[in-house]
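Welcome! Please take a moment to look over the sequence and the model, and then we can walk through them together.

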Amino acid sequence: MKAVLCIAILLTSACAPKPAETPAVSKLEVISDHFKIKLEYPALKSDVSEPARSRINAAIARNALRHLQDADDTPKSFDDFVKEIAAENEEMRKEPGGAAPWANECICTEAHRTQDNVVVKCNAYSSTGAAYPNRSTNYETYSLKDGRTLTLADFVDPARHEALRKLVEADFRKQRGPEVEFEKLPLDDHFAPLQEGLVFHYSPGDVGPHALGETTVVIPYASLK
């Protein structure tokens, strides 16, 4: 009964989009002859009540900085990050052959909204002289009621996570074949309840070699039954 109730909550809260005000967008950009840094992220407006709105907007700004810097924990301020990149680039340009122009970018947008939650998608890109640039797509889901950052357990009973993992792994294998090695696909940091279903996105390097590229698994809500 609990699993059925969970699916019912999913189908009602994650599927039906809610019209909303166009969110404000913060844009920060620094361009020099040797590097470019760009950050964009939305901010919810009066269509979300306080204190949830302030809590969500603070989390969006923090996560946007975190993805820009590829930081696991507390990110630096935008200005401090610019100073760090400028100093590192200056040092690299002293090396034989110099350094090609660098680029760091993170663009965050509102991906989906229901009566209960909002999903923000952040596309990050960095090119700092490595053989290939780094790209990642990251999702965070926030409660419009209290501003919490929601986890997979808020949408699917934890007792059913292993059954869910089997669905995700089967689709991943179908796309990528059996040669990609992993013990268990991570779920918690890769999910997003979007219009088309429960989505699990793996950026290059998350699972398997970086050259594998990105993989997106969509589990339709009907399949969760």
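Which residues does Thr149 touch, not counting residues up to four places away in sequence? They are Ala59, Thr141 and Tyr142. Keep in mind as you look that this is a predicted model.

Let us stay with Thr149 for a moment. You will find Thr149 in the loop between E5 and H4. One of its partners, Ala59, lies 90 residues away along the chain, yet the C-alpha atoms of Thr149 and Ala59 are separated by 8.0 Å. Is Thr149 buried, exposed or partly exposed? Its relative accessible area is 42%, and because a residue counts as partly exposed when this value is neither under 20% nor over 50%, Thr149 is partly exposed.

Now step back to the whole chain. Its secondary structure comes to 4 helices and 8 strands. Reading from the N terminus, you meet these elements in the order α-β-β-α-α-β-β-β-α-β-β-β. The chain has 225 residues, of which 41% count as buried. If you take the contacts with a separation of 6 or more, 53% are made by residues 24 or more positions apart.

Next, turn to the largest pocket, whose volume is about 1000 Å³. It is lined by 41 residues, and those closest to its centre are Arg66, His67, Asp70, Ser136 and Asn138. Which elements supply at least two residues each to this lining? Two helices do so, H2 (52-69) and H3 (78-92), together with the strands E3 (102-113), E4 (117-127), E5 (134-143) and E7 (197-202). Strand E5 gives the largest share of the lining, with 8 residues. By residue type, the lining of the largest pocket divides into 13 nonpolar, 17 polar and 11 charged residues.

Our last stop is Glu169, in helix H4, which spans residues 161-176. Glu169 is buried, and it has no salt bridge. Why does Arg165 not provide one? Arg165 is the nearest side chain of opposite charge, but it is 4.8 Å away, and a salt bridge needs a side-chain nitrogen within 4 Å of a carboxyl oxygen, so the pair does not count as one. What does Glu169 contact, then, leaving aside its neighbours within four places in sequence? Its contacts are with Phe182, Glu183, Lys184 and Leu185.

Technical notes:
Residues are numbered from 1 along each chain as its sequence is written. This is a predicted model: local features need pLDDT of at least 70, side-chain atom pairs count only at pLDDT 80 or more; totals for chains, interfaces and linings use all residues. Side-chain values use heavy atoms; hydrogens and water are left out. Buried means under 20% relative accessible area, exposed over 50%, partly exposed in between (1.4 Å probe, protein chains only). Lys and Arg count as positive and Asp and Glu as negative; His and the chain ends are not counted. Contact means heavy atoms within 4.5 Å. On a 1 Å grid over the protein atoms alone, a cavity is a set of points where a 1.4 Å probe fits but cannot get out, and a pocket is an open set with protein on both sides within 12 Å along at least five of seven lines; lining residues have an atom within 4 Å of a point. Grid points are joined across faces, edges and corners, and a volume is the space filled by probe spheres set on the points. Ala, Val, Leu, Ile, Met, Phe, Trp, Tyr, Cys and Pro count as nonpolar, Asp, Glu, Lys and Arg as charged, and the others, Gly among them, as polar.
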